[in-house]
Amino acid sequence: MLFEKNVPLQAFNTFHIVAKAHTLLRIASESDLHRLLADPELRASPKFVLGGGSNIVLTGDVKALVLKVEIMGRGLLMETDKAFIVEAGAGENWHELVAWTLVQGYAGLENMALIPGTVGAAPVQNIGAYGVELQDRFDSLDALDLQTGQVFTLNAAQCAFGYRDSVFKHGAATAAVPDGPGSGGHQVLGLKDRAMILRVRFALPKTWKPVLGYADLDKKMVEHQCVNPTAQQIFDWVCEIRRAKLPDPQVIGNVGSFFKNPTVTPEQCVDIIARDPKVVYYHLADGRVKLAAGWLIDSCGWRGKSVGQAGVYEKQALVLVNRGGVTSADSATGGEVMTLARAIQTSVYERFGIRLEPEPVVV
Ligand code: EPU
């Protein structure tokens with residue numbers, strides 16, 4: 001096992017924050033993990049699993065042993081009547097997997113094109129875009145328990161997927177899984193810092209239908225005079241839409257949306273409309289209302305503002321960016337990012353009575 005010491009993490013997080021891992025170990029296979037856990041001292045030491053670094057804010061050097069996931073491989077595992085079951089290693093790049101599935105003729109992931117990060121990180125926050133979430137195409141995953149060394153398989157229900165949420169974002173006994181309408185749900189063992197995802201399997205429908213209905217995609221259909229787009233066309237449009245409004249993390253450090261879109265009751269929504277009738281909101285199937293966090297932040301005047309080198313992106317107020325270079329030492333610090341984030345939360349709360357919840361994991 002090759003333990004690397006004092007490893008700069010700037011290239012390993014898409015915010016490009018300068019920080020170091022005291023010790024980093026690259027994990028290319030399950031047997032690397034078994035070797036690590038065979039040592040009682042290493043088994044007991046705190047660990048931090050690093051995927052593509054596209055959903056973390058580093059606020060200092062990482063003292064826990066950093067396990068950099070580099071488990072590769074992708075292929076068709078099997079076919080059922082209804083779906084192609086495709087399996088990919090946790091270290092595979094997400095966007096490359098999406099592009100590859102389309103070349104192979106397996107449609108279904110196209111709305112999630114160009115989301116930064118790795119396959120193994122995708123279930124952690126149940127990534128989603130343009131009407132499709134990972135859970136809609138998920139079959140199962142294999143993970144390794146970092147305490148016991150056991151490999152286990154989880155289906156979608158066991159992953160407890162929610163909006164940008166899963167069992168992997170919660171500590172022991174904090175993740176509630178809804179059992180169904182009317183039930184109070186039940187507690188499951190949270191797996192945060194406990195498990196490493198090894199492989200993810202996707203069920204990609206043999207009878208594919210495009211998922212449309214998002215304003216940005218509707219505009220593309222009109223522009224291209226196309227009523228029946230192919231999966232490849234949707235992939236291309238999603239790439240164009242994202243490139244136009246979201247910063248490329250290889251050029252401007254960022255972690256995508258910094259806050260979740262909050263949900264409120266219809267009564268709260270009426271109160272917010274009274275404060276500002278222009279508020280952007282969507283009715284959800286369960287009767288609640290989802291508010292556009294980007295709009296809330298924008299209407300508080302934050303677009304384009306900065307704290308030190310941390311800023312609010314000019315074209316999308318939901319995205320915080322690093323105004324320093326992606327390789328230089330003048331980059332934003334995690335402290336600046338969090339100071340900016342807290343100032344935004346305070347002003348949105350004071351104006352609308354809404355508490356914005358950050359999407360990335362603060363390390
Ligand atoms: N808006 C503003 N001002 C802004 C930003 C947005 O008025 O500065 C308004 C927009 O005009 C629009 C509404 O807010 O009416 C929603 O904006 P947008 O369509 O850009 O989507 P979003 O809700 O901000 C979510 C996801 C994105 C995903 C897109 C498309 C979350 C937290 N974000 O963004 O996911 O790509 O929808 O599906 O759910 C991510 O999670 O990192 C991410 C980029």
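Here are some questions and answers about two sheets, a cavity and a pocket in this predicted model.

This is a predicted model, in which local features need pLDDT of at least 70, side-chain atom pairs count only at pLDDT 80 or more, and totals for chains, interfaces and linings use all residues. Residues are numbered from 1 along each chain as its sequence is written, and side-chain values use heavy atoms, with hydrogens and water left out.

Q: How do you know that β3 and β5 pair?
A: Strands here are DSSP runs of E with at least two residues, numbered from the N terminus. Two strands pair if DSSP finds at least two bridges between them. Four bridges join β3 to β5 (residues 65-69), so by that definition they pair. The two strands run parallel, and Lys 47 stands opposite Leu 65 in β5.

Q: Why are β1 and β3 at the edges of their sheet?
A: The open sheet has four strands in the order β1-β2-β5-β3, with mixed pairing. β1 (4-8) and β3 (47-50) each have a single partner strand, so one side of each is left without a neighbour in the sheet.

Q: What makes β17 and β18 a pair?
A: They share three bridges in the antiparallel sense, and the cut-off is at least two, so they count as paired. Tyr 281 stands opposite Leu 291 in β18. Both strands belong to an open sheet in the order β16-β18-β17, where β16 (263-264) and β17 (281-283) are the edge strands.

Q: What makes the largest cavity a cavity?
A: On a 1 Å grid over the protein atoms alone, a cavity is a set of points where a 1.4 Å probe fits but cannot get out. The volume is about 40 Å³, meaning the space filled by probe spheres set on points joined across faces, edges and corners. The structure holds one cavity of 30 Å³ or more. Its lining residues (an atom within 4 Å of a point) include Leu 9, Phe 12 and Asn 13.

Q: How is the second largest pocket lined, and what makes a pocket?
A: A pocket is an open set with protein on both sides within 12 Å along at least five of seven lines. This one holds about 350 Å³ of space. Its lining has 15 residues, of which Gly 162, Tyr 163, Thr 263, Leu 284 and Asp 286 lie nearest its centre.
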